[in-house]
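Student: I have a model open and want to go through the ligand sites and then the strands. Can you take me through them?

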Amino acid sequence: EELANVQPRTDEKAVFSNIAFLEGAPPLSEHWSVFDTNDAVFNAARSAQAATVIFVMGQNSQIEQLARYIHTLRRQRGTALKIVVRESVPSLRATDERLLLSCGANLVISHSSALSRCLTLIESVQNQQFSRRVPEDLATLFSNTEPLKLKGYLKWDVFCEAVQKIVSNPLLPADGKGVLVALRPAPGLRVEQALTLCRPHRMGDIATIADKRLMIFLSFCRVNDLDIALNHIFPLPTGDIFSNRVIWFEDKQIAAELVNMQDVKPERWTKPLPVTTQPGKIINATHDGRHWRRYPEPHRLSADTGEQSS
Ligand code: C2E
Ligand code: C2E
Ligand code: C2E
């Protein structure tokens with residue numbers, strides 16, 4: 001049934017586009033067909049052979065569906081199809097771009113490119129044959145965008161194991177798996193206190209403590225973005241909390257530091273402070289009920305009541 005629909009390669013000039021791509025401009029020529037949704041673009045492209053197919057990506061929740069569409073088109077329709085993804089609002093992580101490209105997209109265009117620049121980029125892929133191999137199994141591609149289902153504090157050995165698993169995974173980008181950071185707290189701050197200020201949000205961002213060092217691994221973070229990521233994670237500038245920082249980001253460097261880390265004996269692993277679950281209520285309770293704790297609760301360091309002392 002599909003086969004009956006196969007067109008000869010005369011559809012080379014045809015463009016199937018999500019209407020949002022044009023940002024209100026009229027279709028640019030008789031070759032353009034516009035559709036309201038990516039689903040409609042996909043359906044139209046299912047019988048294309050060498051056309052240009054333009055999807056628009058406006059929400060990260062669309063990633064998985066879009067990846068499936070691209071994968072299906074590339075596997076079923078062959079290498080002459082030109083598949084383009086236009087990011088309409090900032091929503092794509094670098095890992096998402098990689099996913100779409102490995103599913104068979106020719107081009108992923110950033111939200112920061114103006115429409116005219118997009119059109120030039122689309123011209124640049126005309127007559128191009130897609131030459132990268134697209135794996136049949138989409139599940140593997142998906143799992144590579146979030147290889148660690150872990151977040152936040154982990155015990156020293158569990159942390160090492162997790163980073164090891166990432167660094168030795170050949171399917172993840174070489175020297176682009178993330179950044180390992182060692183932070184030494186400023187004088188007067190213990191490492192377990194510093195840990196309470198470390199609040200990773202993104203899945204795959206993990207931390208551990210031992211030997212007066214706070215270690216953090218930021219999955220897929222690029223070294224040039226390290227400060228941005230650390231600013232997301234700590235409520236205060238890291239220069240105020242830590243007196244020293246060392247980073248590793250190439251696979252070999254990270255692997256070598258892991259060997260050093262695995263030499264740290266369990267007696268040197270530091271226990272995190274007990275977690276407080278209801279910060280609102282606990283502020284007062286801390287003063288009388290928890291006399292054995294010699295240091296303030298974590299939230300008090302950043303909260304307005306931070307001036308009080310116990
Ligand atoms: P951005 O917030 O300026 O972050 C730039 C880059 O810093 C990110 O590029 C990533 O490599 C690194 N980075 C920032 N925060 C974190 C973090 O908490 N953990 C880790 N491991 N790395 C971090 P990436 O991933 O390509 O994302 C590009 C941009 O996309 C981000 O720029 C942000 O504007 C947006 N974005 C990505 N993910 C999210 C998200 O979950 N929520 C929101 N609101 N925006 C996101
Ligand atoms: P997640 O990856 O565990 O990230 C959780 C939260 O961390 C995000 O909530 C956001 O508040 C913060 N965050 C993580 N990375 C960044 C970053 O680079 N920049 C900024 N500004 N904030 C960051 P949010 O935005 O509500 O997202 C919830 C979940 O939705 C995320 O959990 C992730 O699973 C997914 N998500 C959001 N944006 C993206 C994206 O651009 N790409 C992908 N693949 N997933 C995304
Ligand atoms: P965070 O900086 O610890 O902020 C935690 C929560 O406090 C935020 O959750 C938000 O509800 C509130 N909040 C913090 N700063 C502001 C602000 O300037 N304005 C408003 N209206 N609310 C604020 P949310 O939005 O889910 O973000 C979670 C985390 O994602 C943030 O943790 C931060 O690490 C990162 N993030 C989200 N948006 C941005 C952003 O625009 N820039 C940066 N650098 N990081 C962001």
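Student: Start with ligand 2. How far is an oxygen atom of ligand 2 from an N or O atom in the side chain of Arg-202?

Tutor: The distance is 2.7 Å, which falls under the polar contact definition (a pair of N or O atoms within 3.5 Å; within protein, one must be able to donate a hydrogen and the other to accept it, and residues adjacent in sequence count only if both atoms are side-chain atoms). The protein buries 50% of the 770 Å² that ligand 2 exposes when taken alone (Shrake-Rupley method, 1.4 Å probe; for residues, only the protein chains shown count as cover). This is a predicted model, in which local features need pLDDT of at least 70, side-chain atom pairs count only at pLDDT 80 or more, and totals for chains, interfaces and linings use all residues. Residues are numbered from 1 along each chain as its sequence is written, chains are lettered from A and ligands numbered from 1 in the order written, and side-chain values use heavy atoms, with hydrogens and water left out.

Student: Which other residues make polar contacts there, through side chain or backbone?

Tutor: The side chain of Arg-93 has an N or O atom 3.0 Å from an oxygen atom of ligand 2. Met-203 uses a backbone N or O atom, at 2.8 Å from an oxygen atom of the ligand.

Student: And what residues are around ligand 2?

Tutor: Asn-60, Ser-91, Arg-93, Asp-96, His-201, Arg-202, Met-203 and His-232 (a heavy atom within 4 Å). By class that is one nonpolar, four polar and three charged residues (nonpolar: Ala, Val, Leu, Ile, Met, Phe, Trp, Tyr, Cys and Pro; charged: Asp, Glu, Lys and Arg; polar: the others, Gly among them).

Student: Now ligand 1. Which residues come nearest?

Tutor: Of the 13 residues around ligand 1, Arg-93, Ala-94, Arg-202, Asp-205 and His-232 do. A backbone N or O atom of Ala-94 is 2.7 Å from an oxygen atom of the ligand, and a polar side-chain atom of Arg-202 is 3.1 Å from an oxygen atom of ligand 1. His-232 has a side-chain N or O atom 2.7 Å from a nitrogen atom of ligand 1. The protein covers 64% of the 780 Å² of accessible area that ligand 1 has on its own.

Student: Where does the largest share of that shell come from?

Tutor: From helix H8, with three residues (helices are DSSP runs of H or I, at least four residues, and strands runs of E, at least two, numbered from the N terminus). H8 spans 226-233, and both S9 and H8 supply at least two residues of the shell.

Student: Switching to S9: is that strand enclosed or open, and why?

Tutor: Seven of the seven residues of S9 (residues 213-219) are buried (under 20% relative accessible area, 1.4 Å probe, protein chains only), so the strand is largely enclosed by the rest of the structure. Arg-213, Met-215, Phe-217 and Ser-219 lie on one side, and Leu-214, Ile-216 and Leu-218 on the other.

Student: What does S7 do with S9?

Tutor: S7 (residues 178-185) pairs with S9 in the antiparallel sense over six bridges (DSSP must find at least two for a pair). Leu-183 has Leu-214 as its bridge partner in S9.

Student: And S8?

Tutor: S8 (residues 205-210) also runs antiparallel to S9, joined by six bridges, and Asp-205 stands opposite Leu-218. The two strands form a hairpin with two residues between them, and Asp-211 in the turn has a positive phi of about 55°.

Definitions and conventions:
Buried < 20%, exposed > 50% of the residue type's maximum accessible area, 1.4 Å probe, protein only.
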